[in-house]
Amino acid sequence: MWKTVNTGAARAEEALKQFLPPCQLKCPINEDIQRTNVLISMLPLDPEGAREGICQIGDYLHERNPLFTVCGYVCGLCELECNYQAKGGSIRRRLLKRFISDAYMDRIREKEEINVEKTKEDVAIVGGGPAGLMCAYDLSRRGYRVTIFETSDRLGGALWLIPHYRLPEDVLTTAVNNLVRICEADVKYNARIGEGKYSLDKLRKDGFKAVFIAKGTPMPRILTYGREKVEGQELSGVMYGQTFLYEVSHGNIQPNYFGGKKIIVIGGGNVAFDVARTARRLCGETTLVCLECEDKCSKDGIPADEEEIKGAWEEGVQIVYSRGVRRIMGKGGKFQRIECPHCASVFDETGFNPVFDSTDIVNIDGDVLMITVGQGPDRSFLQKENLLDDRGRLAVDPLTLQSLNKDWVFIGGDVRKIGFMVEAMHEGLVAAESIERHLRGLDMRAGRKREYEPQDIPFRRIYKHEPEVVWIPPEKRLHFQLFERGFTLKEAIEEAKRCARCGPCVSCKACLAIGIQHSLPVVEVNEETCSGCGICTSICYYGSAQWRFKDGGTVSTTDTFRCKACGMCVVACPSQARRMIGDPMDTRIQEVFSTLGA
Amino acid sequence: MAKKRKIAIYWLGSCGGCDEAIIDLNESLLELASEVDIALWPIAIDAKYASIERLGDRELALSIIHGNVRNSEHEEMAHLLRRKSQVVLAFGTCACFGGTSGLANFLKPNEIQNWVYGEAPTVVNRAKTRPQAETTVGGNHLTLPVLLDQVHSLNQVIAVDYYLPGCPPPVDLIAQAVHAVIEGKLPPRGSFLAPHKALCDSCPRNAAKPPKIELTHIRRIHEVDEDSGTCFLARGVICLGPATRDGCGATCLSINIPCSGCFGPVEGVDDSGAKFLSALASLIRAQSDSEVSGILDTIPDPAGCFYRFTQPSSILGRHRK
Amino acid sequence: MTTFEPKIVCFSCNFGWGYLTDPEVREMQIKHWIPVVCSGKIDATHILKAFRSGADGVLILGCVDGDCHFQDGNYQTRKKVQLLQRVLPSFGIDPRRVRIELSLDPEGNSIRKIVEDMGRDLRPMGPLGMKEISAKPVATR
């Protein structure tokens, strides 16, 4: 069994000249996707033997991303940019991550603490969600004494909004709880910064030299029609979807809580669908009403993912498109129905500006109304702490995440700009770097803006189709267990092999990591002998061998960022004008040939 | 008057084309003849072997030897001229690499003799006569040279100082080489007096080559339309240009014939046939083994095609049996 | 005639053969073994030089078609071998002396047997004996 080597020559370098495979470019934390894909493809076929390799891959991923096990269930941004999309379907990287994480869970619980001496300053992190956790992890490893102030009684933040049929509770708790254990960060639960005795100034007085605010977006957005708040949102039976999901996540709700009831969900985003499908699983007859239309390609297309819509539809959720809510009506203080005019257009040149047709109204009856039209930050806190600018917007430098009003305060994650989990994690890392620079008196901006270019897919004769994702049939799905089947070992190896390895060698180095070779060879062209015949250009699958004009003729060159040192150009060159430097093959051949005579 | 330097120009297993190429120097020949004494040149001068044997060792400044070593007389003369010369120039592809008649190495000597003197359809030889090494006629003992078991390039028999490939070498390269010797401005011993790169470097069709060459068919020259601008290889016609040394002036290309490799391998390459094989195989585009076979079936004699001029100097050398 | 043990030079691709086993272990199992990072790096010249240096056979072990880490190295080499197998008979060399197998064996346990099988097939052909041939002139009579 190979043993991965992560030091010295085998360590993946940050791309020197701004090239990365598009998947790694899309990933907000630039995870080593290609490297770990190659490693997965080289696992042994027997599960026992593979365990060791999986742990090595998991260790590598965990070191850079202690929340990687969660990514395998909820992310997949990389797949949107995968070059293979146009050739047969994106590599199912999320399921590959999930495969590793399923086998890695025990290992996380057993991982040792990082054992770093915390000799640097105290830093406070407000918010125990993905952004805060990543910041805590990074700063702890750099030697800072980190304290996380979390409002609720559990870490994870907005991740608790994700229903357990998509993200098992055990995966989430194992990841977040062990993260703080491993990096030896201190956590204060039920601590609301900005309320009562806790304010930023108090934190300062208590000795915290920097604060990272990652409070997220705990405030559900209220329903409006035009610019007016819709009346009736306080009726009994009306709730906000976000609040509902948090309640359900505590696991205290009976399985048929909504038995016999009609549930109406307002909203067209992924969270609205989470709410609708959760309500279905609690036996509610569920209808989802959204402003947007069914055609995802139009400007007003429903924003939720195709997979969510398909899943919801299969599970029996009714979807009503292109309707707004003008009135919420009740009787005796209890919700009864909503009045829904047709929405002719959602967006125009000015932005979000729904246009309704009041001659086309339907009424929809229901027992429970879930309003899921977005969430926002706790603005009163931001205002009280003087973190807004004079136009009421958050005053923060987008590059360094440093507050423009208080230089020891840093703000990131959903509270700054709502986005995906991994984007928040990235902001946690950016904030950690900024805090270090601030406290060490270093330049805040130098070297932080990196422009990267995606590399194209290499040519292949045979492109394979993506494997089918298997879901439990809808009638068997109405519970909170996972419904998506993950990869078996064999399937994971097959899928990892399908990855085309688009990215440059320097940011991968998987082959060095497991001893396939010991250094990256370099291809050199002898311009004295190269006749510019172009055969190497024809045969190069990576677009690395190219023509160049020289002295009135042509010679070939090698683009070292595309070149994988595969050697095919060296062999195909009829002038022997190309050679491989740093490849021990020729020496070995001489040695073996010299023993043949004996 | 200072004594003129002596040179020899001699043919071994040669067709005579190399001599014609030297004569193509035209008036420059007269210049040459005024600078040097041509001590031996069978096509032009009536000298005898004995006159060469009488010379002191290294008395000849230069021996220009063309043709390959096929029989014992060639071998003997090669050694003789080596002993008597300061500089030996292997002139022409036969001397440098073995040449076209080197293809005889794919057969055994007795197979050749049986065909030529027996099995060829136009031969009538009921007595099964074969050439003999010696015989007696009228009391006189006569000998003939015997075939060697294979065709050799000159450097397999004697040490060679310089090489000038070509079938035959072009006049401009000959003039350059001769001047270089006379003026004493020669590159290191063992060098080729010709450009280092492959023919594609000076071929007028190279610039318009498509970026990707993918051969799904291999064609003979008569199967494609005449087109003086496009690269032959790009259209599936085998052209050995990429694996052949430059210097001939692309004469064949200019009259619409693909290169057959007469200048031998590019500088630094031992076996141009093997290199061309690798290059050609790389350019073939097919999915299955049988598709590849189908394409390769259209090349009737790959070994002959790749080694047309260089068989004797190839890595594998002559036929095994 | 004494039993002749064919000398087989074995090239094997590191991405498809034996990457789960320690190199020292593989080294002991296979004589004349040349591990390469991709079978696509094997040139026709290498094969010919192997014969010239005294090999009786050359075996190339590459990856399954479509699974080459470098996209198509195995396919390129297979084409070269096919063409080479048509050239060798003109030199009087049996084309079966060059063999290419495209498969996957992460442990590398089958390599020894494949070499032995090839040896068994080559034995009746006798030694190639190319190392002994000299380029010096020899008269026919």
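**A walk through chain C and its neighbours**

Start at the N terminus of chain C and follow the chain along: its elements come in the order β-α-β-α-β-α-β-α. That gives 4 helices and 4 strands for chain C. Keep in mind as you look around that this is a predicted model.

Now zoom out a little. Laid along the principal axes, the C-alpha atoms of chain C fill a box of roughly 55 × 30 × 25 Å. How does the radius of gyration of chain C fit with that of a compact globule? For 141 residues, such a globule would come out near 14 Å, and the 16 Å of chain C agrees with that. Inside the chain, take the contacts between residues at least 6 apart in sequence: 74% of them join residues at least 24 apart. As for what is covered, 62% of the 141 residues in chain C are buried. The chain still exposes about 5,400 Å², and carbon and sulfur atoms supply 52% of that area.

One element deserves a closer look: helix 2 of chain C, which covers residues 44-52. Why can we call this helix largely enclosed by the rest of the structure? Because 7 of its 9 residues are buried, and here buried means under 20% relative accessible area. You can pick them out as A44(C), T45(C), H46(C), I47(C), L48(C), A50(C) and F51(C).

What do those buried residues pack against? Within chain C, their partners are strand 1 (8-13), strand 3 (57-62), helix 3 (73-87) and strand 4 (98-102). The other chains join in too, with helix 19 (585-594) of chain A and helix 9 (272-283) of chain B also packing against them. After helix 2 of chain C comes G54(C), whose phi is positive, near 120°.

Next, hop over to chain A. Its domain assignment lists four entries: domain 1 (19-111 + 458-513), domain 2 (122-218 + 377-440), domain 3 (221-374) and domain 4 (522-594). If you go from the C-alpha centre of domain 3 of chain A to that of domain 4 of chain A, you cover 62 Å.

Last stop, chain B. On the surface here, W11(B), I23(B) and I43(B) form a nonpolar patch, and together they have about 250 Å² of accessible area. One of these residues, I23(B), sits in helix 1 (residues 17-23) of chain B. With a relative accessible area of 39%, I23(B) counts as partly exposed, and that is enough for a patch, because patch residues need over 30%.

Key. Residues are numbered from 1 along each chain as its sequence is written. Chains are lettered from A and ligands numbered from 1 in the order in which they are written. This is a predicted model: local features need pLDDT of at least 70, side-chain atom pairs count only at pLDDT 80 or more; totals for chains, interfaces and linings use all residues. Side-chain values use heavy atoms; hydrogens and water are left out. Patches are made of residues with over 30% relative accessible area and no salt bridge: like charges are joined within 9 Å, nonpolar side chains (Val, Leu, Ile, Met, Phe, Trp, Tyr) within 5 Å. Accessible areas come from the Shrake-Rupley method with a 1.4 Å probe; for residues, only the protein chains shown count as cover. A salt bridge is a side-chain nitrogen of Lys or Arg within 4 Å of a carboxyl oxygen of Asp or Glu. Helices (H or I, at least four residues) and strands (E, at least two) are DSSP runs, numbered from the N terminus. Buried means under 20% relative accessible area, exposed over 50%, partly exposed in between (1.4 Å probe, protein chains only). Domain bounds come from an automatic or database domain assignment. The radius of gyration is taken over C-alpha atoms; the globule rule is 2.2 Å times the number of residues to the power 0.38. Contact means heavy atoms within 4.5 Å.
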